[in-house]
2 protein chains.
Amino acid sequence: MCLPGNGNWWCRSLESNALNIANALWWEEDTLCLLDQTRLPAEEVTLHITEVSELIEAIRKLSVRGAPAIGIAGAYGVVLAARPWKESSHPPDWEQLTSEISALREARPTAVNLSWAIDRMIRTVSSAHPPSRGAAYDAFLAEAKNIHEEDEERCRRIGEHGAALLSETSQVITHCNTGALATGGIGTALGVIYAAVMQGRQVQVYADETRPLLQGARLTAWELQRANIPVTVMTDGMAASLMDQQPIDAVIVGADRIAVNGDTANKIGTYQLALTAHSHNVPFYVAAPTSTIDPDLETGREIPIEIRGKSEVVRWGNLQTAPEGVDVYAPAFDVTPNRYISAIITDRGVVRPPYNLRSIL
Amino acid sequence: MCLPGNGNWWCRSLESNALNIANALWWEEDTLCLLDQTRLPAEEVTLHITEVSELIEAIRKLSVRGAPAIGIAGAYGVVLAARPWKESSHPPDWEQLTSEISALREARPTAVNLSWAIDRMIRTVSSAHPPSRGAAYDAFLAEAKNIHEEDEERCRRIGEHGAALLSETSQVITHCNTGALATGGIGTALGVIYAAVMQGRQVQVYADETRPLLQGARLTAWELQRANIPVTVMTDGMAASLMDQQPIDAVIVGADRIAVNGDTANKIGTYQLALTAHSHNVPFYVAAPTSTIDPDLETGREIPIEIRGKSEVVRWGNLQTAPEGVDVYAPAFDVTPNRYISAIITDRGVVRPPYNLRSIL
């Protein structure tokens with residue numbers, strides 16, 4: 001908690017309001033507020049979500065995205081489902097709730113965090129046998145806020161551990177969006193950058209646009225610009241040229257899943273960026289909460305790679321960018337082998353090779 | 001020349017009409033016909049150019065692009081300027097011609113081939129002291145056709161030399177567009193692929209979409225699909241993932257300028273692709289005519305890199321893909337150091353490291 005007079009970097013920064021960091025989502029007057037990421041960077045529109053069906057639609061449309069942010073949204077979704085219970089003294093009737101929650105879980109079936117958060121919400125309240133609907137509602141809301149705050153805290157710790165790796169003035173390349181828009185806090189890889197800046201360091205960020213969905217150009221650039229952190233957008237094929245032209249101090253990326261040996265699945269393009277960093281002797285860091293480490297995966301070879309639809313690569317709004325019917329290679333993620341990763345920055349500290357990540361779980 | 005009964009691979013292929021290779025431009029009934037590349041891949045539209053002003057517009061709009069193709073178009077442009085002279089017995093009046101040709105030269109000031117072709121056209125006719133305007137016109141047309149045929153022949157030779165490097169079945173990655181659409185013949189890097197297929201080999205091509213202008217997705221995919229060569233489009237950050245997932249036999253790219261030591265300037269993204277190939281032990285070939293070798297450049301460090309406008313990276317049609325005012329890194333080219341280039345395929349043969357390219361000039 002950031003109490004008045006608490007002298008750590010985080011609280012000092014918040015007090016001085018040095019950075020204007022975005023929020024992906026927040027709870028306000030019985031409503032889940034989502035910054036509609038489909039409208040960025042052109043417009044800053046807040047969605048006021050009061051029904052589970054609206055949240056499902058928002059998740060499907062990617063108005064909210066990023067595994068941690070989706071998990072938190074799902075937790076608040078359970079609160080929305082229980083809204084009719086608020087201040088009621090009747091005993092809980094689970095049937096009505098169950099169908100709404102099942103639908104919510106299916107909003108994005110591959111998002112592990114969504115199911116994880118929903119399960120945790122249900123477990124908390126059902127095990128507590130609340131005496132009334134009102135008490136159940138209050139317990140749901142408290143737990144959703146816990147989930148949100150825990151994520152915020154994890155981001156803060158990742159930021160603190162990672163910032164120590166950056167010097168007073170740094171030029172950093174990042175990929176995709178791993179910031180406030182993807183989490184309940186300051187983010188993972190971008191969290192490291194925010195933390196360094198809050199500690200008074202100067203960071204110039206180069207953001208890969210991150211084809212096909214352009215999370216780097218659309219979201220990372222928007223977030224950093226808003227926070228007054230210098231940011232330059234480039235296409236995904238430019239990092240090698242940039243490293244050749246000027247000194248780059250680090251590459252920092254997020255992670256979707258990390259094997260015990262450190263092999264890391266992340267947004268497509270990450271592996272190529274890691275090879276490029278390796279060739280130029282630029283440190284390559286992965287920043288992620290320990291929950292991203294999968295203790296059941298010994299190596300990255302076992303990580304299944306989601307294949308996305310063709311249209312993400314060959315359509316742009318209404319424009320067709322390749323001939324009709326052409327084949328497309330469209331993996332959503334790639335796996336960076338551990339030998340190209342200089343360190344993994346987690347909420348429990350920085351881990352260096354050789355990696356045996358079970359040791360920090 | 002491809003005479004009946006000539007048994008070489010090129011003529012056999014043309015006779016059997018095995019491939020339906022596109023044409024960027026051709027001369028027909030006193031008219032320069034250009035395939036309008038701004039309309040591809042959606043529509044196949046031919047521009048019928050009869051005035052120099054129309055050609056200038058077409059070059060500016062990138063309806064015709066690729067250094068060799070622009071050079072050939074410029075040569076035909078001089079013919080268009082001299083069209084009023086056709087069949088006239090009056091002596092040439094150079095004044096009228098000169099202003100049109102100066103304007104043509106400025107259509108794309110950085111395109112060295114354009115000035116080179118125009119100079120050659122003027123030199124040929126002015127030195128020949130033609131007795132009449134009609135004779136001058138005929139000499140211009142003959143020289144433009146020479147320039148066109150010479151480029152066609154160079155592509156054919158590059159293709160022949162390069163095809164020998166591919167085995168019976170090959171998976172090849174390429175970048176940008178270096179095919180029939182960029183040259184007066186079958187192309188350079190794509191020329192190698194066409195030649196291999198014409199010789200009966202099977203080639204599966206993976207085409208980098210090539211941000212920011214998407215020449216790979218728009219043009220290379222269209223050309224190869226039309227020629228019935230299997231082609232798969234991918235974003236520029238996917239090559240490392242692809243090489244990790246399946247065997248790739250070669251990367252073949254073109255070149256904008258090659259230093260004597262083999263360092264090669266080519267479309268942005270090429271260098272990163274070369275590093276990726278190197279990390280996976282995949283041969284990385286540059287295919288280009290010897291005219292691309294600059295004998296005045298000892299190393300790639302001396303090659304000036306054109307910086308393009310921001311809007312190419314952060315706008316897509318009417319869509320803004322990054323926040324207003326964001327900084328953009330937008331080099332048009334990068335330089336691949338010679339140590340990452342397995343061989344340079346030219347019209348005069350294949351050169352291997354250590355490179356001293358003066359030896360083949």
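1. V233(A) stands opposite V328(B), a residue of β13(B). That is a pairing across two chains, in a model that is predicted. The strands involved are β6 of chain A, residues 231–234, and β13(B). They pair in the parallel sense, over two bridges. Start here when looking at how the chains meet.

2. Next, the extent of the interface. On chain B, 50 residues are in contact with 50 residues of chain A. The two chains bury about 4300 Å² between them. Carbon and sulfur atoms carry 60% of that area. On the side of chain B, Q272(B), W316(B) and Y329(B) lose the most area to chain A. Together these residues make up 18% of what that side buries.

3. Polar links also cross the interface. The rule finds four salt bridges between chain B and chain A. In one salt bridge, the side chains of E209(A) and R211(B) meet, at 2.6 Å from N to O. There are also 22 residue pairs in polar contact across the interface, both residues at pLDDT 80 or more.

4. Which elements of chain B give two or more residues to the side that touches chain A? The helices are α8 (215–226), α9 (239–245), α10 (270–279) and α11 (311–314) of chain B. The strands are β6 (231–234), β12 (319–320) and β13 (327–328) of chain B. The largest share, six residues, comes from α9(B). By class, this side of chain B has 27 nonpolar, 14 polar and nine charged residues.

5. R211(B) deserves a second look. It is joined to P212(B) by a cis peptide bond, with omega about 5°. P212(B) is found in the loop between β5 (202–208) and α8 of chain B. R211(B) also takes part in the salt bridge with E209(A).

6. Now the loop between β5 (202–208) and α8 (215–226) of chain A, where T210(A) is found. T210(A) is not a glycine, yet its phi is positive, at about 70°. Check the backbone at this residue when viewing the loop.

7. Chain B has another cis peptide bond to inspect, between P353(B) and P354(B). Here omega is about -5°. P354(B) has its place in the segment after β16 (349–351) of chain B.

8. Turn to a sheet within chain A. Three strands form an open sheet in the order β8-β9-β14, and the pairing is antiparallel. Why do β8 (257–258) and β14 (333–336) of chain A each have one side without a neighbour in the sheet? They stand at the edges, each with a single partner strand, so one side of each is left free of a neighbour. Four bridges join β9 (residues 264–267) of chain A to β14(A). Within this antiparallel pair, T264(A) stands opposite T336(A) of β14(A). Helix α10 (residues 270–279) of chain A packs on the sheet and touches β9 and β14 of chain A. The direction of α10(A) makes about 35° with that of β14(A).

9. Chain B holds an open sheet of three strands in the order β1-β2-β3, again with antiparallel pairing. The edge strands are β1 (25–28) and β3 (46–49) of chain B. Each has a single partner strand, so one side of each lacks a neighbour in the sheet. On average, neighbouring strands of this sheet are turned by 25° against each other, direction ignored. Strand β2 (residues 31–35) of chain B is joined to β3(B) by four bridges. There, C33(B) stands opposite H48(B) in β3(B).

10. Two helices accompany this sheet of chain B. Helix α2 (residues 52–60) of chain B packs on the sheet, touching β2 and β3 of chain B. The direction of α2(B) makes about 145° with that of β3(B). Helix α3 (residues 67–81) of chain B lies across β1, β2 and β3 of chain B. It runs at about 20° to β1(B).

11. Last, salt bridges in general. A search of the whole structure finds 32 of them over all chains. One of these lies within chain A: R120(A) with E150(A), the closest N and O atoms being 2.7 Å apart. R120(A) lies in helix α5 (residues 112–128) and E150(A) in helix α6 (residues 133–163) of chain A, so the pair ties together parts that are 30 residues apart in sequence.

Technical notes:
Residues numbered from 1 in each chain as written. Chains lettered and ligands numbered in written order. Heavy atoms only, no water. Contact = heavy atoms within 4.5 Å. Buried area = accessible area lost by both parts, 1.4 Å probe. Polar contact = N/O pair within 3.5 Å; in protein donor to acceptor, adjacent residues only side chain to side chain. Nonpolar A, V, L, I, M, F, W, Y, C, P; charged D, E, K, R; others polar. Pairing = 2+ DSSP bridges. Axes fitted to C-alpha atoms, helices over the stretch in contact; angles between N-to-C directions.
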